Amino acid sequence: MRTITKWIVAITVTTVVGGHQSANAGFVGLPQALGLAAKRISFSNYTLPPMAFTQFCLRYADQCKPQRMVFRGGPVRLTAERWEDLKAVNKSVNAAIIPERNTVGLAGEKWLLHPSRGDCNDYAVTKRSELLERGWPTRALLLSEVVTSWGEHHLVLVVRTSMGDLVLDNMTPQIRPWARAPYQWVRIQSPKNPNYWASLGSRNA
């Protein structure tokens, strides 16, 4: 009886592990750190958005329209197709825009969609725009202001998925889990309304 039980357990374990591997087979390049234990961003106090974001919304009003919340709205289920969306958009936008540093500070921040040259802000808003065009909901595409290790303010796109909050960044071709991005986090768009921003208290992931 014990021998039969051992065989049943062994077959069950093999089936579960094998099924899990085949289910993830289409996620080529998926960060190994993602999964049920992935760390998520905790939204706290609301704060003012960046001034350049306000100007961006005046220029591109359609990009700042809040979407009607659907039942069980929240992080998007990360399927193989959606993972390919993220990789394709991240790669194409990083390649399409020639990096050009903003040397005049806040006065030089334009936040333009699809410019031929631009800085981190242009990369982030363009990626968000392209994912919106592919059918991603606004609640899952959040612009976030961070500070680099050398003290420079930087804009990235955070994508909220069922396998964790992912960062699309023009400074790396990799799509990283939020907890592995080497930044101090300052503020981020609210999932409930893209016009509201939440403070992250300048904390590390």
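Buried residues make up 44% of the 205 residues in the chain, a figure that, like every other value here, is computed from a predicted model. Among contacts between residues at least 6 apart in sequence, 62% join residues at least 24 apart. The chain has 4 helices and 9 strands, and, read along the sequence, these elements follow the pattern α-β-α-α-β-β-α-β-β-β-β-β-β.

**The largest pocket and helix α4**

The largest pocket holds about 600 Å³ of space. Of the 26 residues that line this pocket, E109, D119, C120, N121 and H153 are the closest to its centre. Sorted by class, the lining of the largest pocket comprises 11 nonpolar, 8 polar and 7 charged residues. Three elements, namely α2 (51-59), α4 (120-133) and β5 (153-161), each supply at least two residues of that lining.

Of these contributors, α4 can be described further: the helix has 14 residues and reaches 20 Å from its first C-alpha to its last, which is close to the 20 Å expected at 1.5 Å a residue. α4 is also mostly covered, since 13 of its 14 residues are buried. Just after α4, G135 takes a positive phi of about 100°.

**The surroundings of Q189**

Q189 lies in strand β8, which runs over residues 184-189. Is Q189 buried or exposed? With a relative accessibility of 1%, and because buried means under 20% relative accessible area, Q189 counts as buried. Leaving aside neighbours within four places in sequence, Q189 is in contact with F43, F53, R128, L141, L142, L143, P194, Y196 and W197. Two of these residues, L143 and P194, also offer backbone atoms to the side chain of Q189, and the corresponding distances are listed below together with a C-alpha separation.

| Atom or residue of the partner | Part of Q189 | Distance |
|---|---|---|
| Backbone nitrogen of L143 | Polar atom of the side chain of Q189 | 2.7 Å |
| Backbone oxygen of P194 | Side chain of Q189 | 2.9 Å |
| C-alpha of S199 | C-alpha of Q189 | 9.0 Å |

The last row concerns a pair that is 10 residues apart in sequence. The side chain of Q189 thus pairs with a backbone nitrogen, that of L143, and with a backbone oxygen, that of P194, while the residue itself, in strand β8, has a relative accessibility of 1%.

Technical notes:
Residues are numbered from 1 along each chain as its sequence is written. This is a predicted model: local features need pLDDT of at least 70, side-chain atom pairs count only at pLDDT 80 or more; totals for chains, interfaces and linings use all residues. Side-chain values use heavy atoms; hydrogens and water are left out. On a 1 Å grid over the protein atoms alone, a cavity is a set of points where a 1.4 Å probe fits but cannot get out, and a pocket is an open set with protein on both sides within 12 Å along at least five of seven lines; lining residues have an atom within 4 Å of a point. Grid points are joined across faces, edges and corners, and a volume is the space filled by probe spheres set on the points. Ala, Val, Leu, Ile, Met, Phe, Trp, Tyr, Cys and Pro count as nonpolar, Asp, Glu, Lys and Arg as charged, and the others, Gly among them, as polar. The expected span of a helix is 1.5 Å times one less than its number of residues. Buried means under 20% relative accessible area, exposed over 50%, partly exposed in between (1.4 Å probe, protein chains only). Contact means heavy atoms within 4.5 Å. A polar contact is a pair of N or O atoms within 3.5 Å; within protein, one must be able to donate a hydrogen and the other to accept it, and residues adjacent in sequence count only if both atoms are side-chain atoms.
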